[in-house]
Amino acid sequence: MAKFSVGDHVSWNSEAGRVSGRIIKVHYKDFDYKGHRRRASRGDPQYEIKSDKTDHIAAHKEGALTKIE
């Protein structure tokens with residue numbers, strides 16, 4: 001079961017430092033993202049997150065994310 005839900009505010013580390021955004025989609029099956037196949041399952045979902053500062057969409061596994069208030 002997913003630890004995070006659509007609408008949750010989360011942060012993660014990127015090349016540019018700490019970034020925050022809102023989850024816009026939860027993937028429970030493998031999916032294509034920016035030309036690459038991303039692995040996801042019910043037990044290991046991936047999340048699409050829209051950055052707070054830009055319109056950039058990132059995809060991350062649960063372990064990379066921290067929920068913020």
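In what order do the five strands of the open sheet lie? Keep that in mind while opening the structure, which is a predicted model.

**Whole chain**

Start with the chain shown as a cartoon. Seven strands and zero helices make up its elements, so the run from the N terminus reads β-β-β-β-β-β-β. The radius of gyration is 11 Å, close to the 11 Å that the globule rule gives for 69 residues, so the chain is as compact as a globular protein of that length. Turn the view along the principal axes: the C-alpha atoms fill a box of roughly 30 × 25 × 15 Å.

Next, switch on the surface. The accessible surface of the chain is about 4,600 Å², and 49% of that belongs to carbon and sulfur atoms. Of the 69 residues, 36% are buried. Among contacts with a separation of 6 or more, 41% are between residues 24 or more positions apart. Colour the side chains by charge to find 14 positive and 10 negative ones; the centres of these two sets lie 2 Å apart.

**The sheet**

Now select the sheet. The order of its five strands is 6-5-2-1-7, and the pairing is antiparallel. At the edges are strand 6 (57–61) and strand 7 (66–67), each of which pairs on one side only. Strands of a sheet pair through backbone hydrogen bonds, either parallel or antiparallel.

**Strands 1 and 2**

Select residues 9–14 for strand 1 and residues 17–27 for strand 2; six bridges pair them in the antiparallel sense. Between these two strands are two residues, and together strand 1 and strand 2 form a hairpin. To see one facing pair, pick N13, which stands opposite R18 in strand 2.

**Strands 2 and 5**

Keep strand 2 selected and add strand 5. Which way do these two strands run, and how many bridges join them? They run antiparallel, and six bridges join them. Go to H27 and look across to Q46 in strand 5, which stands opposite.

**Strands 5 and 6**

Move on to strand 5 (residues 46–51) and its partner strand 6: they run antiparallel and are joined by five bridges. This pair is a hairpin too, with five residues between the strands. Two facing pairs can be picked out here. I49 is opposite A58 in strand 6, and E48 is opposite A59 in strand 6.

**The loop after strand 2**

Finish in the loop between strand 2 and strand 3, where Y28 is found. Is Y28 buried, exposed or partly exposed? Its relative accessible area is 26%, and Y28 is therefore partly exposed. Show the residues around Y28: leaving aside neighbours within four places in sequence, Y28 is in contact with A2, A40, S41, R42 and P45. Then draw a C-alpha to C-alpha distance from Y28 to R18; these residues are 10 apart in sequence and 25 Å apart in space.

K29 lies in the loop between strand 2 and strand 3 (31–33). With 68% relative accessibility, K29 counts as exposed, since the cut-off for exposed is over 50%. Draw a last distance, from K29 to S41: the two are 12 residues apart in sequence, and their C-alpha atoms are 5.0 Å apart in space. S41 is also one of the residues in contact with Y28.

Notes: Residues are numbered from 1 along each chain as its sequence is written. This is a predicted model: local features need pLDDT of at least 70, side-chain atom pairs count only at pLDDT 80 or more; totals for chains, interfaces and linings use all residues. Side-chain values use heavy atoms; hydrogens and water are left out. Helices (H or I, at least four residues) and strands (E, at least two) are DSSP runs, numbered from the N terminus. The radius of gyration is taken over C-alpha atoms; the globule rule is 2.2 Å times the number of residues to the power 0.38. Buried means under 20% relative accessible area, exposed over 50%, partly exposed in between (1.4 Å probe, protein chains only). Contact means heavy atoms within 4.5 Å. Accessible areas come from the Shrake-Rupley method with a 1.4 Å probe; for residues, only the protein chains shown count as cover. Lys and Arg count as positive and Asp and Glu as negative; His and the chain ends are not counted. The place of a charge is taken as NZ of Lys, CZ of Arg, CG of Asp or CD of Glu. Two strands pair if DSSP finds at least two bridges between them.
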